[in-house]
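This briefing introduces one protein structure to a reader who has not met it before. The points are grouped by topic and may be followed alongside the sequence and the model.

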Amino acid sequence: MKEKLIISKNLSGYFVKFNDEELLLFAKQLKQIIAKKGELLIKEGEIATGIFWVSKGLLRQYYFKNGRDITEHFACDGQGAFCIESIFNKTPSKLIVEALEKSVVYLIPYYEIINLSKKHPKFGTLIRKLLEHSLILSQKKADSLRYETVRERYERFLVDYPCAAKRASVNHVASFLLMTPESLSRVRAGTL
């Protein structure tokens, strides 16, 4: 429970300040997951129930298109990942969440937190801020793909995802940037 309280305090500190009672309520909702490298936390077709918050480790969200897996998002220490459409609509997820290394992850159960928000409004604020943060990341990625050169996209990736840039494979980074591993190598070498 002590670790859950620490995670609760750290997570809430990013978005909203909880008092001691709220921290305890939040900590009780968290489910710790020790994920092995390569373990899938959400498989394609499963219904997502919450937000994965990475205490330590590296996750990626991806999907399949034309027989290739495409990385949609990375989440490293102190970041989250979730399948918004699956959670909201209670429909099977098209996204897969995978641990790229041994990871300590906390599942924040979405509907339990929404229920808590009825009595404690700060929980609603937390969820709203997590969603806003996710939407901003998605918009930045979409804008990057639309308007930036491959070099600019890579430089933005280094700024926005420094831990993934150091710890994810070249193939995963390349698929996130929607380029081939060979193109990524040329961008890194400054020849593209």
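The largest pocket holds about 640 Å³ of space. The structure described here is a predicted model. The sections below treat this pocket, the largest cavity, an open sheet with a helix packed on it, and strand β7 with its residue Glu98.

**The largest pocket**

- The lining of the largest pocket consists of 30 residues, and those nearest its centre are Gln61, His73, Phe82, Ser134 and Ser138.
- Two or more lining residues come from each of β3, β4 (58-65), β5 (68-76), β6, α3 and α5.
- The greatest contribution to this lining is that of α5, which supplies seven residues.

**The largest cavity**

- The count of cavities of 30 Å³ or more comes to one.
- About 120 Å³ of space lies within the largest cavity.
- Among the residues that line this cavity are Leu137, Lys140, Lys141, Ser144 and Leu145, together with Arg153, Arg156, Phe157 and Asp160.
- Tyr161, Phe176 and Leu177 also belong to the lining of the cavity.
- The elements that give two or more residues to the cavity lining are α5 and α6 (150-160).
- Here too α5 gives the most, with five residues in the lining of the largest cavity.

**The open sheet**

- An open sheet is formed by four strands in the order β1-β8-β3-β6, with antiparallel pairing.
- The edges of the sheet are β1 (31-35) and β6 (80-81); each has a single partner strand, so one side of each has no neighbour in the sheet.
- Five bridges link β1 with strand β8 (residues 103-109) in the antiparallel sense.
- Within this pair, Lys31 lies opposite Leu107 of β8.

**Helix α4 on the sheet**

- Helix α4 (residues 110-117) packs on the sheet and touches both β3 (50-56) and β8.
- The direction of α4 makes about 50 degrees with that of β8.
- Which residues of α4 are buried? They are Tyr110, Ile113, Leu116 and Ser117.
- Viewed down the axis of α4, these buried residues fall within an arc of 125 degrees, so they line one face of the helix.
- An α-helix has 3.6 residues a turn, so residues three or four places apart point the same way.
- The packing partners of the buried residues of α4 are α2 (20-29), β3, α3 (84-89), β8 and α5 (121-147).

**Strand β7 and Glu98**

- Strand β7 covers residues 96-99 and contains Glu98.
- Ile96 and Glu98 point one way from β7, whereas Val97 and Ala99 point the other way; all are buried.
- In a regular strand the side chains alternate between the two faces of the sheet.
- Strand β2 (residues 40-42) is joined to β7 by two bridges, and these strands run antiparallel.
- In the pairing of β2 with β7, Ile42 stands opposite Val97.
- Strand β4 is joined to β7 by four bridges, again in an antiparallel arrangement.
- Across from Glu98 in β7 stands Arg60.
- Is Glu98 buried or exposed? Glu98 counts as buried because its relative accessible area is 13%, and buried means under 20%.
- Not counting residues up to four places away in sequence, Glu98 touches Gly38, Glu39, Leu40, Leu58, Leu59, Arg60 and Tyr62.
- Arg60 is thus named twice, as the residue opposite Glu98 and as one of the residues that Glu98 touches.

Terms used:
Residues numbered from 1 in each chain as written. Predicted model: local features only at pLDDT ≥ 70, side-chain atom pairs only at ≥ 80, totals over all residues. Heavy atoms only, no water. Pairing = 2+ DSSP bridges. Contact = heavy atoms within 4.5 Å. Axes fitted to C-alpha atoms, helices over the stretch in contact; angles between N-to-C directions. Buried < 20%, exposed > 50% of the residue type's maximum accessible area, 1.4 Å probe, protein only. Arc of directions from axis to C-beta. 1 Å grid on protein atoms, 1.4 Å probe; cavity = no way out; pocket = protein on both sides within 12 Å on 5 of 7 lines; lining within 4 Å. Points joined across faces, edges and corners; volume = space filled by probe spheres on them.
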